[in-house]
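Trainee: Hi! Could you walk me through this structure?
Mentor: Happy to, let's look at it together.
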Amino acid sequence: MPITISEKTIKSDFIEKVKKLSGQNIHKCFQCGTCGGACPMSGQLATLPRKIMRMAQFGLENEVAESKTFWTCASCHSCSVTCPRGIDLAKVMEALRQLSLRKNVNYVEPSKLPSETVKEMPQIAMVSCFRKMTS
Ligand code: SF4
Ligand code: SF4
């Protein structure tokens, strides 16, 4: 579905927060798509990293949140090492997760996990998941 960009949808405070939290100048991205080609999770992402960067450049906070891409990102840093503009995209993804978590949005609800899953999952994977996906 096409995204509408207008004065109402552009959230400049969101742009500043992403820049500050990630330490990255997201406006350096020139949409080459190299990050998506390097991303091992690209087959699982509803929205490719290049598009997430574009939406972040325009301050489209809601659209970025709805994409859920930053939850699926495995923080592998493949995109960061291949970006020709030197953008550490993994840090941008982490900033997007943090901004969502700060609104008390949990991507995984520990109390709702099926007991079979809790029994079978390695503890270290559970702890890692909760650290990354719960506020
Ligand atoms: S590789 Fe870098 S410049 Fe290219 S689309 Fe991704 S973030 Fe933007
Ligand atoms: S850090 Fe995330 S977005 Fe970047 S290549 Fe790895 S999984 Fe993909």
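Mentor: Keep in mind that this is a predicted model. A good place to begin is helix H1 (residues 12–22) and helix H7 (residues 89–101), whose axes are 8 Å apart and which pack at an angle of about 120 degrees.
Trainee: Are H1 and H7 perpendicular or oblique to each other?
Mentor: Oblique, because roughly perpendicular covers 65 to 115 degrees and their angle is about 120 degrees.
Trainee: And which way does H1 pass H7, left-handed or right-handed?
Mentor: The crossing of H1 and H7 is right-handed. On the H1 side, Phe 14, Lys 17, Val 18, Leu 21 and Ser 22 make the contact. H7 brings Lys 91, Val 92, Ala 95, Leu 96, Gln 98 and Leu 99 to it.
Trainee: What classes of residue are in the contact of H1 with H7?
Mentor: Seven are nonpolar, two are polar and two are charged.
Trainee: OK, next helix. At what angle do H3 and H7 pack?
Mentor: Helix H3 (residues 49–57) packs with H7 at about 60 degrees, and their axes are 11 Å apart. That angle makes H3 and H7 oblique to each other. H3 passes H7 in a left-handed crossing.
Trainee: Which residues make that contact?
Mentor: From H3 there are Pro 49, Ile 52 and Met 53, and from H7 there are Leu 89, Val 92, Met 93 and Leu 96. By class, the contact of H3 with H7 has seven nonpolar residues, no polar and no charged ones.
Trainee: Switching topic: what domains does the chain have?
Mentor: The domain assignment gives domain 1 (12–103) and domain 2 (107–135). Their centres, taken over C-alpha atoms, are 24 Å apart.
Trainee: How many residues of each domain are in contact?
Mentor: Seven residues of domain 1 touch five residues of domain 2.
Trainee: And how much area do domain 1 and domain 2 bury between them?
Mentor: About 570 Å², with 63% of it on carbon and sulfur atoms.

Note on methods:
Residues are numbered from 1 along each chain as its sequence is written. Chains are lettered from A and ligands numbered from 1 in the order in which they are written. This is a predicted model: local features need pLDDT of at least 70, side-chain atom pairs count only at pLDDT 80 or more; totals for chains, interfaces and linings use all residues. Side-chain values use heavy atoms; hydrogens and water are left out. Axes are lines fitted to C-alpha atoms, for helices over the stretch in contact, and angles run from 0 to 180 degrees between N-to-C directions. Helices (H or I, at least four residues) and strands (E, at least two) are DSSP runs, numbered from the N terminus. A crossing is left-handed if the near helix is turned anticlockwise from the far one by less than a right angle, and right-handed if clockwise. Contact means heavy atoms within 4.5 Å. Ala, Val, Leu, Ile, Met, Phe, Trp, Tyr, Cys and Pro count as nonpolar, Asp, Glu, Lys and Arg as charged, and the others, Gly among them, as polar. Domain bounds come from an automatic or database domain assignment. Buried area is the accessible area (1.4 Å probe) that two parts lose on being put together, summed over both. Angles under 35 degrees count as roughly parallel, over 145 as roughly antiparallel, 65 to 115 as roughly perpendicular and the rest as oblique.
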